[in-house]
Amino acid sequence: MIQKTKVSRSMFDHNFAVRTNQGKTWHVIFLLVTIIAIISLTLLIFNIVDSVFGYVVINTRVDPATLMVDGVALEDQTKEQMVTTLQKNLSRGAFNKLNNEKDFTNRTRDEVLALVEERILKYEVLESWSLADSLLNKDAILTEYNTLITENPRAELKFISWLRWTRLVRPQSSEVATAGIRTAILGSLWTILITIVFAFPVGVGAAIYLEEYARDNWVNRVIQTNINNLAGVPSIIYGILGLAIFVRALEPLTSGSLFGLVDPTTANGRTILSAGLTLGLLVLPLIIINSQEAIRAVPQSLRNAGYGLGATKWQVTWAHVLPNALPGVLTGLILAVSRAIGETAPLVVVGASTAISFDPTSVFSKFTTLPIQIYQWTARPQPEWQHLASAAILVLLVLLLGLNAVAIVLRNKLSRKY
Amino acid sequence: MLKNEIQQLPMDNFQRQSKTLKKRKRWSESLIQGLLFLAGLFSIFTTAGIIFTLGKEALLFFQKPEVNLFEFLTGTAWQPHINRFGILPLATSTLLTTTIAMLIAIPLGLIVAVFLSEYATRRVRNFLKPILEVLAGIPTIVYGYFALTFITPLLRDIIGKDVVNIYNTGSAGLVMGILILPPIASISEDALAAVPRSLREAGYGLGATKFEVVFKIVLPAALSGISAAIILGISRAIGETMIVAVAAGAGPNFTLNPFKGAETMTGHIVRISGGDLSYDSIDYDSIFAIGLVLFLVTLTLNIVSQWIVKRFREVYE
């Protein structure tokens, strides 16, 4: 006979409280850790913004007042007045050298202004503070400024934003006061353009093949497995591949000397074309996988309807499958582009230029990109370059945020429900 | 089937017409299919290209009289100017940064995944998921900047300026942990979400607390997906470049001290190729040898993670 025991509350009581408390404690831990993760993101953003604004002590070698022409301050002068100033203050040789690099009649007013600031005024950042310091330790800053001003009577204490419009439109320079990111932004855009032109058709083509045409045999399984593996290869390996294939083996093609477009003696393969193709290989698996998902989501009934009307396979794919998969495909493309825009390591390996101040003119130009510029500025030991790096980071993040916003809007606007 | 029936129809007239219903050979269709197949093959070319170039140049490197494979794998000094090529200093610092990163990313990533999947209300989830996605989309150079200008000064203030160098593997590893956290959290969360509700309900039916259901039922059931996420995270950390290039220091250093600077494998490749590298130098060949090691390690990890998912996946129906 089965012994019946009366189930009583007391049988559970001895550990019920412990178990409940255990659960509650862990709930709190989960919450705390998640909050920590959010805080780390906030800190990251804060750290950048903190560095973009703040007090600086700026010194000039020449008193700006002496550069006034007819009582007009430097910033409001015409280009001709500034050229005269340059001519007056620079040695004849230096002036001619500048003229030979690029004729003064071809330079814009902004470029000439930058030259005056760089060669004559010679802005010099004596000391810089972060935003937090500027707001909280104003007294300490003033004390330090007062000691600095005894040695540098023209030193000026200013609250500035390191990110200004002039930073965006001015080319890279070796002077922190005039350096801008125009060259880097243009370089990024050119590179991305090549990446898209190469990777988008190939990637979507591969996705169409795998989803619509491929039978389940070993060749196609190998291709699929291979794509998944490629997605996990570190980006720097792609850089090494690009260095060996595009920069070195295909040098006549990527340097442009094959087409006679550049001087063959100075040409090398470290060009925008090589960089773009390298990034193209890097994002190819990403584009393929995203496009595959989008194509897979198109219902079979749509295809069957097309076949029923006598359409060929390609007609069905082109006219029915692709238009319906387009939002997903484009979202994948944008994600790939935002990955490519932020990539640094492969481009360093492929051979980004350290200092170029001229806009790229063709795909065979030497290149630098926004992340490369950030890397180079961050790596410099002087703190003022790091302020500049943070300004460039802010531009990069805004660019990426914009791209992601476009991707989300696309996904919501164009996606259809079946 | 339909076609056969049509052909079986005895009508003479119809049979003549049915000839035109046959599938015609269309050259354009075959051409397009061929082109698409080529696009598919491109990924194979890429892999072949990686293996071929890495293998070829690495072979050249090992054929040099200054280098031998045994010393490469066991040597404790990497000093190209005196012809010492031992990968251990580079490998240990990669190991060090990866370990620190995983010490941060595994517990935090898993806890965030569990919180999102099991505890968070829908509103909290909709708020947190985008934040994780934003974190995952930030370029690694920005994390590098963060490590150098925020975490390093913080470590130096807390632990002491004479202990912590300006460039150190510790801050690089910490920030790398933050970088790896979102992917680990998001893949693990997918694995947790795939565990069927009935398992949880069964647990509650037996009187288990939420904590017990999560730790004794849901987590074990999702273990294959979670292990895959962790291995992928390790692979990401080993291949991560810009954070260590910016924050971990230049120059190989055979040390396990996280407060000292030491160059990792990826950091070394970036520094060496950053200058104007001449093609036939031993430095040029050496980056391919290091690249080959890096490629083999990460590829193995990726394959293992795919195998785990396939082999140990619990299928519920």
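Two residues are in contact here if their C-beta atoms, placed from the backbone, lie within 7 Å. With that in hand, welcome to this predicted model. Among contacts in chain B between residues at least 6 apart in sequence, 73% join residues at least 24 apart. Below is a short tour of chain B, of the place where chain B touches chain A, and of one residue in chain A.

**Chain B as a whole**
- Chain B has 14 helices and two strands.
- Its radius of gyration is 27 Å, well over the 20 Å that the globule rule gives for 317 residues, so chain B is more spread out than a compact globule.
- Measuring along the principal axes, the C-alpha trace of chain B spans about 100 × 65 × 35 Å.
- As for burial, 45% of the 317 residues of chain B count as buried.

**Where the chains touch**
- Chain A and chain B each bring 67 residues to the contact.
- On the chain B side, helix α3 (residues 27-63) supplies the largest share, with 18 residues.
- That side of chain B divides into 40 nonpolar, 22 polar and five charged residues.

**A closer look at L126(A)**
- You can find L126(A) in strand β2 (residues 124-128) of chain A.
- L126(A) has 18 other C-beta atoms within 10 Å, and a residue counts as buried at 20 or more and exposed at 12 or fewer, so L126(A) is partly exposed.
- Leaving aside residues up to four places away in sequence, L126(A) touches V57(A), N59(A), L148(A), N152(A) and A155(A).
- From L126(A) to I196(A) there are 70 residues in sequence and 44 Å in space, C-alpha to C-alpha.

Notes: Residues numbered from 1 in each chain as written. Chains lettered and ligands numbered in written order. Predicted model: local features only at pLDDT ≥ 70, side-chain atom pairs only at ≥ 80, totals over all residues. Helix = DSSP H or I, 4+ residues; strand = E, 2+ residues; numbered from the N terminus. Rg over C-alpha atoms; globule rule 2.2 N^0.38 Å. Nonpolar A, V, L, I, M, F, W, Y, C, P; charged D, E, K, R; others polar.
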